[in-house]
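Trainee: Could you take me through one part of this protein slowly? I'd like a close look at a single helix and what sits around it.

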Amino acid sequence: MKILVPVKRAIDYNVKVRVKADESGVDLTNAKMAINPFCEIAVEEAVRLKEKGVATEIVVVSIGDKSCQEQIRTALALGADRGIQIDTDQNLDSLQVAKLLAKVVEEEQPQLVILGKQSIDSDNNQTGQMLAALTGMPQGTFASEVVVDGEKVNVTREIDGGLQTVALSLPAVVTTDLRLNEPRYASLPNIMKAKRKPLDVKAAADFGVALESNVKVLKVTPPPQREGGIKVADVAELVDKLKNEAKVIS
């Protein structure tokens, strides 16, 4: 079984995000970048399936300029076999990404595509579903458990009422949730080995996909500053403030 794992370069989740002065986006100057956390979970799940003998090859793909090769190499150090960079300096929306990934699926013919349910920068939660629609594959989203059983994959997913398990015929698309696994750390020997693993660079224009985005960012603003708390003398004062100042009760 071949598993395709798309990964995205995103700002490290430990970094405090700064908004540009003109509110056109997030200031990435000198910011630490990393694999999107949900994508890292997808890589870990693919590696675990390979360790169980279910998968034979793991292919990692990332879309962006040369800088995203760093995240591909990280995925290779975690256990992936080879990488593909789709080279573009354009800021693509979810649909354009899904169209490019659909072309990669057409070329690679993976039996399973595992990707993060969303990226922590845009939080769109769209690419996996769009990819499934474009390729005609069944989809299991928000996976908290993935079990491959012959020609099917059973995906346990978290829903509002609890857990739901869906059986999907392979090939299929699975998007990962936080409870699926805990990613490992790359060891130094594996980091060195990753430098020798194959990484192909392909131009986005060669895939024949229109890359003009239909999404326009109007403004990016930081969340409002949270005001400090106060102490109240008694319950009556608390109720009064909740009713007249906070207006959360009537």
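Mentor: Let's look at helix 3, starting with the whole protein and ending with a few other spots to compare.

Keep in mind that this is a predicted model. The protein has six helices and eleven strands, and 40% of its 250 residues are buried. Its C-alpha trace spans about 65 × 40 × 40 Å along the principal axes. If you take the contacts with a separation of 6 or more, 70% of them join residues 24 or more positions apart. UniProt, in an unreviewed entry, places the feature "domain: Electron transfer flavoprotein alpha/beta-subunit N-terminal" at residues 23–211. That span is 30% helix and 31% strand, and its end C-alpha atoms lie 24 Å apart.

Now for helix 3 itself, which covers residues 94–108. Its 15 residues reach 21 Å from the first C-alpha to the last, close to the 21 Å expected at 1.5 Å a residue. Buried along it are Ser 94, Gln 96, Val 97, Ala 98, Leu 100, Leu 101, Ala 102, Val 104, Val 105 and Glu 108. When you read a list like that, remember that an α-helix has 3.6 residues a turn, so residues three or four places apart point the same way. And what do the buried residues of helix 3 pack against? They pack against helix 4 and four strands: strand 1 (2–6), strand 4 (57–64), strand 5 (82–87) and strand 6 (112–116).

Helix 4, residues 127–135, deserves its own moment: its axis and that of helix 3 come within 8 Å and cross at roughly 50 degrees. The two helices are therefore oblique to each other, and the crossing is right-handed. On the helix 3 side, the residues that meet helix 4 are Ser 94, Leu 95, Val 97, Ala 98, Lys 99, Leu 101, Ala 102 and Val 105. Their partners in helix 4 are Thr 127, Met 130, Leu 131, Leu 134 and Thr 135.

For a comparison, try helix 1, residues 37–51. Its 15 residues should span 21 Å at 1.5 Å a residue, and the end C-alpha atoms are 21 Å apart, which agrees. Eleven of those residues are buried, so helix 1 is largely enclosed by the rest of the structure. Among them are Phe 38 and Ile 41. Just past the end of helix 1, Gly 53 takes a positive phi of about 85 degrees.

Those two residues of helix 1 turn up again around Asp 177, which sits in the loop between strand 10 (172–176) and helix 5 (188–194). Asp 177 has 5% relative accessibility, so it counts as buried. Setting aside residues up to four places away in sequence, Asp 177 touches Phe 38, Ile 41, Lys 117, Phe 142, Ala 143 and Glu 158.

Gln 71, in helix 2 (residues 69–78), is another buried one, because its relative accessibility is 2%. Outside its neighbours within four places in sequence, Gln 71 is in contact with Arg 9, Met 33, Ala 34 and Ile 35.

Finally, look at Leu 238 in helix 6, residues 235–244. Leu 238 counts as partly exposed, because its relative accessibility is 38%. Its C-alpha is separated by 62 Å from that of Gln 109, 129 residues away along the chain.

Conventions:
Residues are numbered from 1 along each chain as its sequence is written. This is a predicted model: local features need pLDDT of at least 70, side-chain atom pairs count only at pLDDT 80 or more; totals for chains, interfaces and linings use all residues. Side-chain values use heavy atoms; hydrogens and water are left out. UniProt positions are given in the numbering used here, feature names are shortened, and annotations may be inferred rather than shown by experiment. The expected span of a helix is 1.5 Å times one less than its number of residues. Buried means under 20% relative accessible area, exposed over 50%, partly exposed in between (1.4 Å probe, protein chains only). Axes are lines fitted to C-alpha atoms, for helices over the stretch in contact, and angles run from 0 to 180 degrees between N-to-C directions. Angles under 35 degrees count as roughly parallel, over 145 as roughly antiparallel, 65 to 115 as roughly perpendicular and the rest as oblique. A crossing is left-handed if the near helix is turned anticlockwise from the far one by less than a right angle, and right-handed if clockwise. Contact means heavy atoms within 4.5 Å.
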